[in-house]
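Hello,

Here is the structure I promised to pass on to you. Have a look at it first, and then read my notes below.

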Amino acid sequence: MTKHIFVTGGVVSSLGKGLTAASIGLLLERRGLRVRMQKLDPYINVDPGTMSPYQHGEVYVLDDGSETDLDLGHYERFTNSPLSRESNYTTGQIYLRVIQKERRGEYLGSTVQVVPHITDEIKAAVKNLAAPGVDVVITELGGTVGDIEGLPFLEAIRQIPLDIGKQNCLFIHLTLVPYLKAAREAKTKPTQHSVGQLRQIGIQPDILIVRTERPLGRENCDKIALFCNVEPQAVIEEMDKEFSIYEVPLGLAEHGIDDLIVDKLHLNAGTLEMDDWQDLMQRIRHPQQEVTIAVVGKYIDHRDAYKSIYEALDHAGFAHSTRVIVKRIESEELETQGPDLLLGGVDGILVPGGFGMRGVEGKVQAAQYARKFDIPYFGICLGMQCAVIEFARNVLHLDGANSTEFVAHTPHPVICMLEEQKQITHKGGTMRLGSQPCVLDENSRAATCYGNLEVHERHRHRYEFNSEYRRQFESAGFAITGINPELNLPEIVEIPEHPWFVAVQFHPEFRSKPHHPHPLFAGFVEAAINRHQARVQVPL
């Protein structure tokens, strides 16, 4: 029977439940088990697609077009769990399903209530992943214990052991033990209160993972175990990591969490194989060189807004035994301070996606600076569109060239709305989403990076390169090197005469993993390394 692991969080938010859940998934997979991952989010939005990056961070897009929580990025980077729209449920989705059933008359005669109707729908969402061939389903609950909006989810997972047997379920609770400098001691009381709230709901954690800045010591761990009714060996200390988030699985393995889970759930698992992960950590801790990449974005103040971008750059650096130093530049500041001041000395420039007019001219300036001074450039989504706008204005001399997203009646709409999008009125889940095919020019830099002439990449956008201008661009040395074969849409553009100038309409960062960096990110970082070495080389 498929086993279930539920990961909850207490004391404060942003403790890293997603990263912890992903790490547990990785460890179980490395013991030969088949794992599925899932995130339950308590917010009422149907999905995060309409939420501000400042509030929610990036929207992570899956192959099937689902707009999901950024924690699913951790799931994909750490595990091989197949993800789909069933891997991320929100309160909005759950209530929408229940209301649709009520309107169809499926509850005739019943008063529709949180218990049992909402909780039953949550349980069904969790149990749907327990398919034949799946050994373990790991379900992470968003938010913090004590949040009012999370109560239906906690009630639902409380009931699941009653349905399928306690021996088939495991509860892991992630908490914080703060260190008070004035008192010179760690305080376990917040953890005790957090577990107390869970126990009032009817959930007794089987394992506690305790986040801490400093070593807790056996005395504090035993104290937590006693007051939280947990076995001493099931209190696992998780200290902040010095180098990288990719240390987390190794830290958990050192404390034997995989053995605990295997024993408590009576899983038929093999031995833990982590040699390649150890090798990865050696490359992370001991890079041979470093390069500086400027990321010119609209949401730089919120680190998680470009989470997958930063991780993909790191992955490419790992492959080249290189530390990638990211210089985060707010595109609006580029408009006021100029590219010479903010971009001088960098080894590469990456312009990521975004929506709306704010900061766009700064992104256009970044593309121009990279083109003029032969700095490796990588444009993603809006970053591609800004490269097109810049080339149109400054090389093709199309005055006023722009995107119709920003200037509806621009004289030269080199970027325009997709035809399929023009009749759409609703915002949520209506963009061009999910995995789409792309055929590459065999002589392109993209084809060299991929080692293939047809690829599939994930999209999230409404606007595209206007094919009516294609001949003008190509005649001026701006190549269209990737085409969607079904819609004949340009997806990749390059400047062949430039050392490395590649821009794509899709989001390659969503397909990057620490051991398998995305080919375009690997190529971009390699170009940045070449530029850095050429700049620092001392003549004989």
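**Salt bridges**

Arg460 is buried, with a relative accessible area of 11%; buried here stands for under 20% relative accessible area, exposed for over 50%, and partly exposed for anything in between (1.4 Å probe, protein chains only). Before I go on, please note that this is a predicted model, in which local features need pLDDT of at least 70, side-chain atom pairs count only at pLDDT 80 or more, and totals for chains, interfaces and linings use all residues. Residues are numbered from 1 along each chain as its sequence is written, and side-chain values use heavy atoms, with hydrogens and water left out.

Arg460 forms a salt bridge with Glu67, with 2.6 Å between the closest N and O atoms. A salt bridge means a side-chain nitrogen of Lys or Arg within 4 Å of a carboxyl oxygen of Asp or Glu. This pair links distant parts of the chain: Glu67 is in strand S4 (residues 67–68) and Arg460 in strand S19 (residues 454–461), 393 residues apart. Helices (H or I, at least four residues) and strands (E, at least two) are DSSP runs, numbered from the N terminus. Glu67 counts as buried too, at 6% relative accessibility.

Glu464 and Arg432 form another salt bridge, their closest N and O atoms being 2.9 Å apart. Glu464 lies in strand S20 (residues 463–465) and Arg432 in strand S18 (residues 432–440), so this bridge ties together parts that are 32 residues apart in sequence. Glu464 is buried at 1% relative accessibility, and Arg432 is buried at 3%.

The side chains of Asp135 and Arg34 also meet in a salt bridge (3.1 Å, N to O). Here the two residues are 101 residues apart, with Asp135 in the loop between H5 and strand S6 (136–141) and Arg34 in the loop between H1 and strand S2 (35–41). Asp135 counts as buried at 17% relative accessibility, while Arg34 is partly exposed at 48%.

You will also find a network of salt bridges that links Lys39, Asp41, Asp69, Asp71 and Glu140. The full count comes to 37 salt bridges.

**Cores and enclosed helices**

The largest nonpolar core has 58 residues, and those with the most contacts inside it are Ile5, Leu28, Ile138, Ile207 and Ile261. Such a core is a set of buried Ala, Val, Leu, Ile, Met, Phe, Trp, Tyr and Cys residues joined through side-chain atoms within 4.5 Å. Helix H1 (residues 17–29) gives the most to this core, with seven residues. Leu28 touches Ile5, Leu33, Val35, Val136, Ile138, Ile261 and Val262, leaving out residues up to four places away in sequence; contact means heavy atoms within 4.5 Å. Apart from the largest core lies another, of 42 residues, among them Val360, Cys386, Phe473 and Ile483.

Which helices should you look at for burial? In helix H3 (residues 71–78), eight of the eight residues are buried, so H3 is largely enclosed by the rest of the structure. In H16, eleven of the 13 residues are buried, so this helix is largely enclosed as well. Among the buried residues of H16 are Met384, Cys386 and Phe391.

**Around helix H5**

Val115 and Pro116 are joined by a cis peptide bond, with omega at about 15°. Pro116 lies in helix H5, and so does Val115, which is partly exposed at 43% relative accessibility. Glu121 is found in helix H5 too, but counts as buried at 7% relative accessibility. Leaving aside neighbours within four places in sequence, Glu121 is in contact with Ile94, Arg97, Val98, Lys101 and Tyr107.

**Two backbone details**

Asp374 has a positive phi, near 55°, in a residue other than glycine. Asp374 sits in the loop between helix H15 (360–372) and strand S15 (377–380), and is partly exposed with a relative accessible area of 40%. His397 has a positive phi of about 55° although it is not a glycine. His397 is in the loop between H16 and strand S16 (402–403), where its relative accessible area of 59% makes it exposed.

Best wishes
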